[in-house]
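Let's take a walk through this model together, from its overall build to a few side chains that deserve a look. Have the sequence at hand as you read.

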Amino acid sequence: MTHEMDEQATPEALRALPSRTLSLVAMYSDRLFNEALGAADARKWHYAALAALREAGPVSQAELSRRTSIYRSDMVAVINELEERGHVERTPDPADRRRNVVTMTTSGRRHLERLDELISSLQDELLAPLSGPEREQFSALLARLLAHHSRR
C-alpha cells in the first residue's frame, strides 16, 4: 500500500498538513506497537484490558468495555484470548448472574508488568527525537485534541 517515502520529494502542500503528519506518525506507531506486542504474545487491546483491571480491580465485561473504549462485542474476544492465556478469570457476578466479572490472575499481573516495560521502551523509541519537556508538551497537546474531538 505505502512504501518508504522521501519527505523532501513530497509536495510542500502535503508536508504542511498537520493531519497528514499525524496520520503518518500514527501509522508508524501502530506498526511499531503491533509488531512488538505480537512478539510478546499480546495485542494493544490485551494491554488496555489488563491495565484497566489493575486500576479498577475486578469489573464486569461491560464496565471493562466502557473503561477501555473497546466495543463490547470485541471485548468478549479480548477476554477470551486473555482467559486462554491464563491472564484473567471470568466468573458469574454474584449480584447479577447474567453478568460476568473479570479478574486479573497472578499470571496476568506478571504479564502486564512485562508489557509495561515493553510499552515504556516503545514510547521512548517513538518519541526519541523529543526532549523530556517536549514529550510532556506533545502528550498534553494530543490529549487536548482528543478531548475536544471526543465531545462530538
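A residue counts as exposed when its relative accessible area is over 50%, as buried when that area is under 20%, and as partly exposed in between. With that cut-off in mind, Ser69 counts as exposed because its relative accessibility is 68%. Please keep in mind that this is a predicted model.

## Overall build

Let's begin with the secondary structure. The protein has seven helices and three strands. Following the sequence, you meet them in the pattern α-α-α-β-α-α-β-β-α-α. The radius of gyration is 19 Å, well over the 15 Å that the globule rule gives for 152 residues, so the protein is more spread out than a compact globule. Along the principal axes, the C-alpha atoms fill a box of roughly 60 × 35 × 35 Å.

Some totals help to round out the picture. Of the 152 residues, 27% count as buried. The accessible surface comes to about 10,500 Å², and carbon and sulfur atoms hold 54% of that area. Among contacts with a separation of 6 or more, 46% are between residues 24 or more positions apart.

## The nonpolar core

In soluble globular proteins, nonpolar side chains tend to be buried together. Which residues touch the most other members of the largest nonpolar core here? They are Leu53, Leu64 and Val88, out of the 24 residues in that core. Helices α2, α3 (44-56), α5 (72-84) and α6 (106-126), together with strand β3 (96-104), each supply at least two residues. Helix α3 gives the most, with five residues.

Leu64 is a good place to zoom in. Leaving aside residues up to four places away in sequence, Leu64 touches Ala49, Ala52, Leu53, Val59, Met75, Ile79 and Val102. Notice that Leu53, one of these neighbours, is also among the three core residues that touch the most other members.

## A nonpolar patch on the surface

Nonpolar side chains also turn up on the outside. Leu22, Phe138, Leu142 and Leu145 make a nonpolar surface patch of about 310 Å². Helix α7 (residues 132-150) contributes the largest share of the patch, three residues.

Where does Leu22 sit? Leu22 is found in helix α2 (residues 18-39). Its relative accessibility is 43%, so Leu22 counts as partly exposed.

## Salt bridges

Side chains of opposite charge can pair when their charged atoms come close. How many salt bridges does the count come to? The total is eleven. One of them joins Arg85 and Asp41, whose closest N and O atoms are 3.1 Å apart. This pair links distant parts of the chain: Arg85 is in the loop between α5 and β2 (88-93), Asp41 is in the loop between α2 and α3, and 44 residues separate the two. Arg85 is partly exposed because its relative accessibility is 30%, and Asp41 is partly exposed too, at 43%.

A more local example comes from helix α4 (residues 61-68), where Arg67 and Glu63 lie four residues apart, about one turn of the helix. Their side chains meet in a salt bridge, with 2.9 Å from N to O. Arg67 is partly exposed, with a relative accessible area of 40%, and Glu63 is partly exposed at 21%. Salt bridges that share partners join Glu63, Arg66 and Arg67 into one network. Elsewhere, Glu83 pairs with Arg90 in a salt bridge whose closest N and O atoms are 2.7 Å apart. The relative accessible area of Glu83 is 31%, so Glu83 is partly exposed.

## Two loop residues with positive phi

Two backbone angles are worth a glance before you leave. Asp41, the salt-bridge partner of Arg85, has a phi near 55 degrees, a positive value in a residue other than glycine. This residue, Asp41, lies in the loop between α2 and α3.

Ser69 brings us back to where we started. Its phi is near 60 degrees, again a positive value in a residue other than glycine. Ser69 has its place in the loop between α4 and α5. Is Ser69 buried or exposed? At 68% relative accessibility, Ser69 counts as exposed, whereas Asp41 is partly exposed at 43%.

Note on methods:
Residues numbered from 1 in each chain as written. Predicted model: local features only at pLDDT ≥ 70, side-chain atom pairs only at ≥ 80, totals over all residues. Heavy atoms only, no water. Patch = residues over 30% accessible without salt bridge, like charges linked within 9 Å, V, L, I, M, F, W, Y side chains within 5 Å. Areas by Shrake-Rupley, 256 points an atom, 1.4 Å probe, with all protein chains shown as cover. Salt bridge = Lys/Arg side-chain N within 4 Å of Asp/Glu carboxyl O. Buried < 20%, exposed > 50% of the residue type's maximum accessible area, 1.4 Å probe, protein only. Core = buried A, V, L, I, M, F, W, Y, C linked by side-chain atoms within 4.5 Å. Contact = heavy atoms within 4.5 Å. Rg over C-alpha atoms; globule rule 2.2 N^0.38 Å.
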